[in-house]
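User: Hi! I'm new to reading protein structures. Could you walk me through this one with a few questions and answers?

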Amino acid sequence: TLRNMATHLFDWSISPPATDASATAERAKGVRACELVYTSLAPRQFLKLVHPHIGVPYLLLTDLADTSLTPDDDVLTLLNASRLAGWFAANNEVPRRDDPHQLLESLPLGIEGSL
C-alpha cells in the first residue's frame, strides 16, 4: 500500500499510538527534509500533535478512511504551512481554488490500499 512507502507513520498501527502527544512529538522531530509522512489522523489532530514538531519541509500522505477531506480551517492552515512541500490525499474534496500553492494531489478512492 502507499502507506508502506512512507518513512514515518502517525496512525493507529504504531506504539505508542499517534494520540500519545509526547511520544508523537519526539517521533515527529525525526522527520528529515522531503520525507513522506503518512497519517490517518484528522487534520485538526495532525496540526496539534505532529505538524508543529516537524522542522523541515515534508510530504504528507493522508487516508481518512470514509471521511472526506474538505476545505475547513485546519486543512487550509496546513495548505498554507511553509513546511508542507506536498500533500497526497484519498477522498479529497478540496477545490483547487482553495489550495493557493497547488500542493494537494488527489488519490482515487481505493488506490491507497491497492498499490
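User: How many salt bridges does a search of the whole structure find?

Analyst: Happy to help! Keep in mind that this is a predicted model. Side chains of opposite charge can pair when their charged atoms come close. Searching the whole structure for salt bridges gives a total of five.

User: Is Asp-74, the salt-bridge partner of Arg-44, buried or exposed?

Analyst: Arg-44 and Asp-74 form a salt bridge, with their closest N and O atoms 2.9 Å apart. This pair links distant parts of the chain, since Arg-44 sits in helix 2 and Asp-74 in helix 3. Arg-44 is exposed at 58% relative accessible area. Asp-74 has 14% relative accessibility, and buried means under 20%, so Asp-74 counts as buried.

User: Which residue is linked with Arg-96 and Asp-99 in a network of salt bridges?

Analyst: Let's begin with the pair you named: the side chains of Arg-96 and Asp-99 meet at 3.9 Å, N to O. Arg-96 is partly exposed, while Asp-99 is buried at 2% relative accessibility. The residue that joins them in the network is Glu-105.

User: Now the sheet. What is the bridge partner of Leu-60 in strand 4?

Analyst: Five strands form an open sheet with parallel pairing, in the order 1-2-3-4-5. Within this sheet, strand 3 (residues 58-62) and strand 4 (residues 84-90) pair over five bridges. In strand 4, the bridge partner of Leu-60 is Trp-87.

Conventions: Residues are numbered from 1 along each chain as its sequence is written. This is a predicted model: local features need pLDDT of at least 70, side-chain atom pairs count only at pLDDT 80 or more; totals for chains, interfaces and linings use all residues. Side-chain values use heavy atoms; hydrogens and water are left out. Two strands pair if DSSP finds at least two bridges between them. Helices (H or I, at least four residues) and strands (E, at least two) are DSSP runs, numbered from the N terminus. A salt bridge is a side-chain nitrogen of Lys or Arg within 4 Å of a carboxyl oxygen of Asp or Glu. Buried means under 20% relative accessible area, exposed over 50%, partly exposed in between (1.4 Å probe, protein chains only).
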